[in-house]
2 protein chains.
Amino acid sequence: MSHYLNYAIQLAEMVEGQTGVNPPVGAVVVSQGRVVGLGAHLRQGDKHAEVQALDMAGAEAQGGTIYISLEPCTHYGSTPPCVNKIIDFGISKVVYAIKDTTLSSRGDQILKEHGIEVEFRYQEAAMRLYEDFFFAKRNAMPEVTVKVSCSLDGKQATDVGQSQWITNKAVKQDVFQLRHTHDAVITGNSTVHADDPSYTTRIEEGKHPVRVLLSKSGEINFDLSMFQDATAPIWIYTENPDLSANQEHIDIIYLKECTIERILGNLYSKGIGRVLVEAGPQVTSQFLHSTLTKELILYYAPIIIGGSGQHQFYQTDEVLELSQVPNFEIVRTDMLEQNIKVQLRKK
Amino acid sequence: MSHYLNYAIQLAEMVEGQTGVNPPVGAVVVSQGRVVGLGAHLRQGDKHAEVQALDMAGAEAQGGTIYISLEPCTHYGSTPPCVNKIIDFGISKVVYAIKDTTLSSRGDQILKEHGIEVEFRYQEAAMRLYEDFFFAKRNAMPEVTVKVSCSLDGKQATDVGQSQWITNKAVKQDVFQLRHTHDAVITGNSTVHADDPSYTTRIEEGKHPVRVLLSKSGEINFDLSMFQDATAPIWIYTENPDLSANQEHIDIIYLKECTIERILGNLYSKGIGRVLVEAGPQVTSQFLHSTLTKELILYYAPIIIGGSGQHQFYQTDEVLELSQVPNFEIVRTDMLEQNIKVQLRKK
C-alpha cells in the first residue's frame, strides 16, 4: 500500500504544466496515521512541494514521514535545499517515488547522516511525470509534444484545405486542456495564414500558452486576428533581420539559422519547459523527425479523406528506409465522443 | 470543465476518515490560470481547508478563485468562519460542489454582499463524501458502515465456526484501509471470544480505529490477546454496572439500555464520526436492520458453504415481510483477486 505516495503524485499532477522548466512535484506529510501537511510546487522559483507541506504541518511534522513524488533536492537554486528543511522539521522518514537523475549530489546520504530513514519506492505513475523532464533538463531543451488532428487516413485537411471536420467538441476541450498544461504552442506561418487560429485555452481559468510562430522568411500579415489578440504573448522566430512588430505582445527573435534545436534551446533559456506543436504538415513533420520530440498525440476523426495527399501529416522528401522511420509505442487510447485519441511515445 | 473543483474533491478524499465528526473538505485557490494554494481539513478542530489553501496562496489569492468541495462555513466553531477569511484575502469568486444543509446561515449572501461571485456547481463525486455526513450530523449519530465477509451463500463461517477461507490477501488489505478511514470499529463479545481479532490497521502509517465492544452481560475474558494489546483504545459498552477493567487503554461505558441508538449517540458525543461494524451475525443483523446504517460492504469468497445456516450474516427472529426487508442499491463491484467486493447503500 502506497496510498500516501500516490497522494503526493496526485498533487504533482494537479500542478503539471505550471512549473516551467522545473518539475511538477507533490508532497504529503503524515504523522500518527493522518495527513498533517499537503504541498505542491506551484511555480518556477516558488517554494518546493516539501516546503509547502512542512509549513502546513508545522510542529506536527516532528517524527513524521514525508512522501514526495520526486527525490528531494540538495542544492541552492532559487530556494534553499529541501533536505535542510526536512532535517530542520524533525522528519523521521522520507519516502520518494523517483530518483532525480539531474541532481549533482545525492540527498539520501545527507538525510541518513542526520538519522533520517530514506526509502526510494519506484512508481510508474510518477515516472510518466518525469522521464521527459529529465531528458529535457539534460539537453537544456523543452519537453516536446506534437499534436495532430487527422482523418483515419492521416490527413489534416482536404486538398482544398478544409479542416472543420476535426473540431468535435470533446476533442476541442481536450486540446484546450493540452494548451493549458504547456508553456508554449509552436506553429508555422502557413498554418496561421490558412486558419487564423487563436491558440488560447478556453477552459475555465485556463493558463494561455505563449504562441510561438516560426517564419524563416518573416513574410507575415500582421492584420490577421491572432496578432490583434493580446491574450497571450506571441514570439516570432525568424531568419529575417529586418522583421519588426510594433505591438507590445509581439516579440521578434532573430536567429541566423532557425533550426528546431536552436529554437527549442532559446525557448528553454526563456523558461519554457513544455511545448506543444500544433501546426501544419511542414512544421509537424520536422518535429516528428527530430529526436527531441518524445510524445505524439493523434486525434482521429471517423472519416477517410483520400485525395492527392498534400495534407498528409507526416511528409518526407523521399521514401524513408523502414529503419529510419520514427517508431512509437502506444501509451493509451480513448474515445472522445466519436473521435479516437491515441497517445504515443517515441521509442 | 471542472478540473479545479475536482482537485478540491480529490484533496477532500485524501483526508477522508481523519476529521472525526467534521466533514472531509478540500480547497484549491487559482489565480491567473494556475494553482496558487492547496488545502484540506486535516483534523477536527484544526484549520479548515479554505484557510489552509488561502494561507499557502498568500497575496496571490487576491483576485483569485477558490474551489471548495463543500459550501464554506459562516459560524464560529472551533475556528472562525471561512467566509471572513475568503473576504479578507480578496478572493473574487467562490465555486463549491455541495451545499451544506447543516449550516444555520447561508454564506452565499454574506460573500455576495462583499462583491464576491458565488457559484454552486453540484458534483456527484462530492455528494458521496457528504450525504452520510449530513444524515449523521442531523441525527447527532456517526456514519455507519457494515462490513461482511461471507460465502456466496451468505455465510460468515461454517457450522463449526471456521472462517479462515475469507482471508484472501487483497481483501485483508482492503479491510485495513476501511479501518484506517473509520474512527471506530464495533464488534460483539461473542466474535471477540471466538476469533480473538485485533481490529488494527496494518497498512503503512495506518490510523487505528477505537475498538468498540458490545457486551450487555459484561461477561468478558480479559485474558484474550486483544485486551493485552494497547495499540488502540478499547471501549466496552455494557448494561452490567459492576464491570470494570484495570488497564489504561480499556474504558467501560455503562448504559442502562445498550440499544444501537444510545451507543451510537454516545460515540458521536465522544467525537466518533464514522464507525465500521465488523461483527458476527447477531450484531451485524441488528445494524443491518437499523435505519442508522447507510452503507454495506460485502466481500464474497468463491465458495458455497451450506450447512444449517447458523452463521448466515443476516438473521431475523421470524421470516420478514418483503416490505420490511432492508433494500439496497449496488454502488459498485470490484474483483479483489478471486474475491468479489460489493458496495451497497441502504435505500
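A polar contact here is a pair of N or O atoms within 3.5 Å, where, within protein, one atom must be able to donate a hydrogen and the other to accept it. With that in hand, open the model, bearing in mind that it is predicted.

Begin by selecting residues 1–130 of chain A, which make up domain 1, and then, in a second colour, residues 139–344, which make up domain 2. Six residues of domain 1 of chain A and nine residues of domain 2 of chain A take part in the contact between them. If you place a marker at the C-alpha centre of each domain of chain A, the two markers will stand 34 Å apart.

Next, show the surface where domain 1 and domain 2 of chain A meet: about 570 Å² is buried there, and carbon and sulfur atoms contribute 52% of that area. Two residue pairs are in polar contact between these domains of chain A. On the domain 1 side of chain A, the residues touching domain 2 comprise one nonpolar, four polar and one charged.

Now select R274(A) and E16(A) as sticks, since these residues form a salt bridge whose closest N and O atoms are 3.4 Å apart. Across the interface of the two domains of chain A, the count of salt bridges is one.

Finally, bring chain B into view and superpose chain A on it, which takes a turn of 180 degrees with a shift of 0.0 Å along the axis and gives an RMSD of 0.0 Å. The two copies are therefore related as by a two-fold rotation axis. Select L38(A) to find the C-alpha of chain A nearest this axis, at 3.7 Å from it. Colouring the contact residues of chain A and of chain B will show that the same surface serves both copies, as 100% of those in chain A recur in chain B.

Definitions and conventions. Residues numbered from 1 in each chain as written. Chains lettered and ligands numbered in written order. Predicted model: local features only at pLDDT ≥ 70, side-chain atom pairs only at ≥ 80, totals over all residues. Heavy atoms only, no water. Domains from an automatic or database assignment. Contact = heavy atoms within 4.5 Å. Buried area = accessible area lost by both parts, 1.4 Å probe. Salt bridge = Lys/Arg side-chain N within 4 Å of Asp/Glu carboxyl O. Polar contact = N/O pair within 3.5 Å; in protein donor to acceptor, adjacent residues only side chain to side chain. Nonpolar A, V, L, I, M, F, W, Y, C, P; charged D, E, K, R; others polar. Least-squares fit on C-alpha atoms with pLDDT ≥ 70 in both.
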